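Here are my notes on the model you sent round. Please read them with the coordinates open.

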Amino acid sequence: MAGHESRAGIRRLLPERRGARQPGCAGAGQGPGAVARAVKERRFGRLGARAPTSADEAFLDALYLDSRPDLGALPVPRGVIEGIARHQRAMQVEDYARRCSGLETWLVIEGGTPIARVVLAGEAGALRVVDLSVALAARRKGIASRVLRALQEECERLNLRVRTGNLAARRLYDELGFTLLRSDDATMELEWRQKREHPE
């Protein structure tokens, strides 16, 4: 997943800001593992979130491994699998930083414990959801849906990419009104736009 921020036509949306829906949204310019430049906390609807710190590395490693059941199935010792996952997560972080400008990374918190990671990037007239990962123990609780609905309240347009074989995520995006822009054998590029009311 990629995003490219253009300041032209984008109004910067600070995480704690509420009120009128924004014409697209942009990030505060932090890297995937960085602390937000000014605001270290925000909300996704009723869900609290904060910027990650170095103390969250173990959670982020486990979250990445949760998203890669193929790694967990390798016939090698668990320590080897965890080492591979750490290396591949580091590569993912570098890839996001290379391809996306103005990244924001947030950890969704429940009862003081992180349960999900949200990576956002501003691009021309839109907000890109670069990554939305929910911890295995917190799935099937509507966390991803609540995060996306909160972003829909803040923005006029959202973009994201999903693996073609991720049927559960595709069903969720369809329920939330995302439509297909383009696809290939591996991924689908989806978009959501606010429906504008036309006066009669």
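The points below take up the pocket, the salt bridges and the strand pairing.

1. Status of the model. This is a predicted model. Please read every distance and angle below in that light.

2. The pocket. The largest pocket has a volume of about 1,400 Å³. Its lining counts 40 residues, and the closest to the pocket centre are L132, S133, R163, N166 and A169.

3. Who builds the wall. Six elements each give two or more residues to the lining of this pocket: helices α1 (57-66), α3 (78-99), α4 (143-154) and α5 (167-175), with strands β5 (126-134) and β6 (157-163). Helix α5 gives the most, with six residues.

4. Lining chemistry. The lining of the largest pocket is mixed. It has 19 nonpolar residues, 14 charged and seven polar.

5. Salt bridges, overall. Side chains of opposite charge can pair when their charged atoms come close. The structure holds 14 salt bridges. Three are taken up here.

6. R42 and E154. Their closest N and O atoms are 2.5 Å apart in a salt bridge. R42 sits in strand β1 (residues 41-44) and E154 in helix α4, so the pair links parts of the chain 112 residues apart. Buried or exposed, what are R42 and E154? Both are buried.

7. R89 and D61. This salt bridge has an N to O distance of 2.7 Å. It links helix α3, which holds R89, to helix α1, which holds D61, across 28 residues of chain. R89 and D61 are both buried.

8. R128 and E123. The side chains meet in a salt bridge at 3.1 Å, N to O. Both residues are buried. The pair belongs to a wider set: E123, R128, R161 and E189 are linked in a network of salt bridges.

9. Strand β4. How many of the residues of β4 (113-123) are buried? The count is 10 of 11, and the strand is mostly covered. β4 runs antiparallel to β3 (residues 103-110), joined by eight bridges. β4 also pairs with β5 in the antiparallel sense, over eight bridges.

10. The two turns. β3 and β4 form a hairpin with two residues between them. There E110 stands opposite T113 of β4, and G111 in the turn has a positive phi of about 60 degrees. The hairpin of β4 and β5 has two residues between the strands. Here E123 stands opposite A126 of β5, and G125 takes a positive phi near 70 degrees. E123 thus appears twice in these notes: it faces A126 and takes part in the salt-bridge network.

Conventions:
Residues numbered from 1 in each chain as written. Predicted model: local features only at pLDDT ≥ 70, side-chain atom pairs only at ≥ 80, totals over all residues. Heavy atoms only, no water. 1 Å grid on protein atoms, 1.4 Å probe; cavity = no way out; pocket = protein on both sides within 12 Å on 5 of 7 lines; lining within 4 Å. Points joined across faces, edges and corners; volume = space filled by probe spheres on them. Helix = DSSP H or I, 4+ residues; strand = E, 2+ residues; numbered from the N terminus. Nonpolar A, V, L, I, M, F, W, Y, C, P; charged D, E, K, R; others polar. Salt bridge = Lys/Arg side-chain N within 4 Å of Asp/Glu carboxyl O. Buried < 20%, exposed > 50% of the residue type's maximum accessible area, 1.4 Å probe, protein only. Pairing = 2+ DSSP bridges.
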